[in-house]
Amino acid sequence: MTGESVEKTYCFKTENKFIVKSGCKKRMWRSLKQILTAERALPWPNEAVLYYSINAPPTFKPTKKYSDISGLPAPYIDRHSKLYYSSAEEFATVRNLPMDITAGYLQLRGANTIVG
């Protein structure tokens, strides 16, 4: 080379089109849907990897279960209330909980089972 430095241009160093400057506000946050829509409108090469083009395979590992009472790893589940517990003391606590508290724990976990 004769001393000239060739500077490459990268697409991530260009002006960020997702940040909107208006008035005294410097940033206006956009939802993921808005970002994906704007990303699709930009001219990208065919081999570019984008958010909407990434497909991950499903995992083969079982999901980890945590105690609804303590948050510790829970190897046990109460058949009556469907709550997870990790020790005998927590089992006694789970069995003594009222139905509305049990339903609240299930709702926090996102379990759509009816306690009965």
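This report describes the fold, the annotated region, the charged and polar pairs and the aromatic cluster of a predicted model.

## Overall architecture

The protein, in this predicted model, has 3 helices and 2 strands, and when read along the sequence these elements follow the pattern α-β-β-α-α. Of the 116 residues in the protein, 15% are buried, and the exposed area comes to about 10,500 Å², with carbon and sulfur atoms supplying 58% of it. Among contacts with a separation of 6 or more, 18% are accounted for by residues 24 or more positions apart.

## The annotated region

According to the UniProt record, which is an unreviewed entry, residues 65-94 are covered by the annotation "domain: Vps72/YL1 C-terminal". In the model, this span is 23% helix and 13% strand, and its end C-alpha atoms lie 16 Å apart.

## Leu36 in helix H1

Helix H1, which covers residues 32-41, contains Leu36, a residue that counts as buried because its relative accessibility is 17%, below the 20% cut-off. When neighbours within four places in sequence are left aside, Leu36 is in contact with Tyr51 and Tyr52. Leu36 and Tyr51 are 15 residues apart along the chain, and their C-alpha atoms are separated by 7.1 Å.

## Salt bridges and a polar contact

A search of the whole structure finds 2 salt bridges. One of them joins Arg109 to Asp68, with the closest N and O atoms 2.9 Å apart; this pair links distant parts of the chain, since Arg109 belongs to helix H3 (residues 99-109) and Asp68 to the loop between H1 and E1, 41 residues apart. Arg109 is partly exposed at 29% relative accessibility, whereas Asp68 is buried, with a relative accessible area of 14%.

The side chains of Asp78 and Arg95 also meet in a salt bridge, at 2.9 Å from N to O. Because Asp78 lies in the loop between E1 and E2 while Arg95 lies in helix H2 (residues 88-96), this pair ties together parts that are 17 residues apart in sequence. Asp78 is buried, with a relative accessible area of 2%, while Arg95 is partly exposed at 45%.

Asp78 has a further partner, for its side chain makes a polar contact of 2.7 Å with the side chain of Ser81. Ser81 lies in the loop between strand E1 (76-77) and strand E2 (84-85), and at 3% relative accessibility Ser81 counts as buried.

## The aromatic cluster

A pair of aromatic rings is described by the distance of the centres and the angle of the planes. By the rule applied here, the count comes to 2 aromatic pairs. The rings of Tyr76 and Tyr85 have centres 5.5 Å apart and planes at 25°, so this pair is stacked, the angle falling under the 30 degrees that the class requires. The rings of Tyr85 and Phe91 have centres 5.0 Å apart, and their planes stand at 45°, so this pair is tilted.

Together, these ring pairs link Tyr76, Tyr85 and Phe91 into a cluster. As for accessibility within the cluster, Tyr85 is buried, with a relative accessible area of 13%, whereas Tyr76 is partly exposed at 43% relative accessibility and Phe91 is partly exposed with a relative accessible area of 29%.

Conventions. Residues are numbered from 1 along each chain as its sequence is written. This is a predicted model: local features need pLDDT of at least 70, side-chain atom pairs count only at pLDDT 80 or more; totals for chains, interfaces and linings use all residues. Side-chain values use heavy atoms; hydrogens and water are left out. UniProt positions are given in the numbering used here, feature names are shortened, and annotations may be inferred rather than shown by experiment. Helices (H or I, at least four residues) and strands (E, at least two) are DSSP runs, numbered from the N terminus. Buried means under 20% relative accessible area, exposed over 50%, partly exposed in between (1.4 Å probe, protein chains only). A polar contact is a pair of N or O atoms within 3.5 Å; within protein, one must be able to donate a hydrogen and the other to accept it, and residues adjacent in sequence count only if both atoms are side-chain atoms. Rings of Phe, Tyr and Trp (its six-membered ring) pair if their centres lie within 6.5 Å; planes under 30 degrees apart count as stacked, over 60 as edge-to-face and the rest as tilted. Contact means heavy atoms within 4.5 Å. Accessible areas come from the Shrake-Rupley method with a 1.4 Å probe; for residues, only the protein chains shown count as cover. A salt bridge is a side-chain nitrogen of Lys or Arg within 4 Å of a carboxyl oxygen of Asp or Glu.
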